[in-house]
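The following note sets out numbered points on the structure shown below. It may be read alongside the sequence.

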Amino acid sequence: MRSSLALLACTAFLTASAQGPAGWPAVVDGYHGLLERAGIVGSSLMLVRDGQILARQTEGFQDLDRKIPVDDATIYHWASITKTFTGIAIMQLRDRGLLSLDDPAVKYVPELRAVHDPFGDVSAIKIRHLMSHSGGFRAATWPWGGDKPWHPFEPTRWEQLVSMMPYTEVEFPPGSKYSYSNPGVIFLGRIIELLSGDDYEMYVTKNILMPLGMHETFFDRAPYSLVSHRSHSYFRDDTGIREGRFDFDTGITVSNGGLNAPFSDMARYLSFLIGDDRRRREYDMVLRRSSLEEMWTPQLPATSGEGTNGSESQAALSFFIERYGEVELVGHSGDQNGFLSHLYLHPASRTAWLIAFNTDVTASTDHRRPGTRDVDLAVRDLILRNVIH
């Protein structure tokens, strides 16, 4: 059962109109049809404008075996959208004068001295490079296992990652190109812990989640009071459907993919990101508007790879800038353990939307069944065509 405190915190959003803008019915019809074609078990979609939920839609089941439907209380795993919270935490520390984005990462993570860098001194890798995925590190956190049922979902301790640093090589000169990197974000999480004296989860909870009223958001395994709302996850391909790990722990990778939250809490996050003049003072206490918008400054092209879908995309600081024709969006996606999600901001209209799926569908070999990523792109196009003008 939901706490009265959490319900009170969400009241401002839940009183918003459920009708949506004029083009919303066309979006819902297309969304519903795409989910059916793909065989996605459960999904949610939400549109936020000027600090209010403009429209929302839930479909399918959060637990297929027990036939528990997705509802407004369903908690999704947000995977790499967590990285945006990590970036905000880094900017908070920057604004407090505890670091510079152009500081060498090795200044705070001396263990990086053990990494092999064929391009020069590892001190050339700046905090800014880690935020824009241009530090030269590999994509995978732990490419040496994890595929057995008895393996941890991800490495559980910092020491395990440190032990692999002598076997890690910088793959290109830092800042020279984009290459999505989970280890780079783990290093950011480590910096947050060392400078704040808090565990990453506690720092973000105290300095972002609590001030924004995100009272039902948590990292990794669910509190007992919320586990019944947590969605299961699934994988579907030509061989059928199987369930992913439930209520899993992302271990040392928490700073790049450990976040779980219901849509009501994520509505508050979207409102903070897109801006709301009525809450300007409250939001500035989390992060100044100028610092948040600095995170949306393009750093280098990101035309391929994980993290973005735009044909003219740029890596910014823990966000991506995606261009579709004349429309420019700020965004970030998430993909882990059967969950896929995407956060989009359209600052020009003060509109944002969020979509989540609990099924990672591989497109069928005969192309009759679209994959989940195809559905995400198609719903994006529906919203751009019918809602964003």
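1. In this predicted model, strand S9 (300-301) and strand S10 (residues 314-315) run antiparallel and are joined by two bridges. Within this pair, Pro 301 stands opposite Gln 314 of S10.

2. S9 and S10 belong to an open sheet of nine strands, whose order is S3-S2-S1-S14-S13-S12-S11-S10-S9 and whose pairing is antiparallel. Strand S3 (68-69) and S9 occupy the edges; each has a single partner strand, so one side of each is left without a neighbour in the sheet. As a general matter, the strands of a sheet pair through backbone hydrogen bonds, in either a parallel or an antiparallel manner.

3. Strand S1 (42-49) has S2 and S14 beside it in the strand order. With strand S2 (residues 52-63), S1 forms eight bridges in the antiparallel sense, and Ser 44 has Thr 58 in S2 as its bridge partner. The S1 and S2 hairpin has two residues between the strands, and Asp 50 there takes a positive phi near 50°.

4. With S14, S1 also pairs in the antiparallel sense, over seven bridges; Leu 45 stands opposite Ile 355 in S14. Is S1 buried or exposed? Seven of its eight residues are buried, so S1 is largely enclosed by the rest of the structure.

5. Helix H12 (residues 372-386) lies across five strands of the sheet, namely S1, strand S11 (320-324), strand S12 (327-336), strand S13 (339-346) and strand S14 (351-357). Relative to S14, H12 runs at about 155°.

6. A further antiparallel pair consists of strand S4 (residues 75-79) and strand S8 (residues 259-262), joined by four bridges. Pro 262 in S8 is the bridge partner of Ile 75. Five of the five residues of S4 are buried, so S4 is largely enclosed by the rest of the structure. Ile 75, His 77 and Ala 79 point one way from S4, whereas Tyr 76 and Trp 78 point the other way; all are buried.

7. Helix H3 (residues 82-95) has 14 residues and reaches 20 Å from its first C-alpha to its last, close to the 20 Å expected at 1.5 Å a residue. Twelve of these 14 residues are buried, so H3 is largely enclosed by the rest of the structure. The buried residues include Lys 83 and Gln 92, as well as Phe 85, Ile 88, Ile 90, Met 91 and Leu 93. After H3 comes Gly 97, which has a positive phi, near 80°.

8. As to the overall fold, the secondary structure of the protein comes to twelve helices and 15 strands. Residues 24 or more positions apart account for 68% of the contacts that have a separation of 6 or more.

9. What radius of gyration would a compact globule of 389 residues have? The value would be near 21 Å, and the 20 Å of the protein agrees with that. The C-alpha atoms fill a box of roughly 55 × 50 × 45 Å, taken along the principal axes.

10. Of the 389 residues, 57% count as buried. The area exposed by the protein is about 16000 Å², of which carbon and sulfur atoms supply 52%.

Note on methods:
Residues numbered from 1 in each chain as written. Predicted model: local features only at pLDDT ≥ 70, side-chain atom pairs only at ≥ 80, totals over all residues. Heavy atoms only, no water. Pairing = 2+ DSSP bridges. Contact = heavy atoms within 4.5 Å. Axes fitted to C-alpha atoms, helices over the stretch in contact; angles between N-to-C directions. Rg over C-alpha atoms; globule rule 2.2 N^0.38 Å. Buried < 20%, exposed > 50% of the residue type's maximum accessible area, 1.4 Å probe, protein only. Areas by Shrake-Rupley, 256 points an atom, 1.4 Å probe, with all protein chains shown as cover. Expected span 1.5 Å × (residues − 1).
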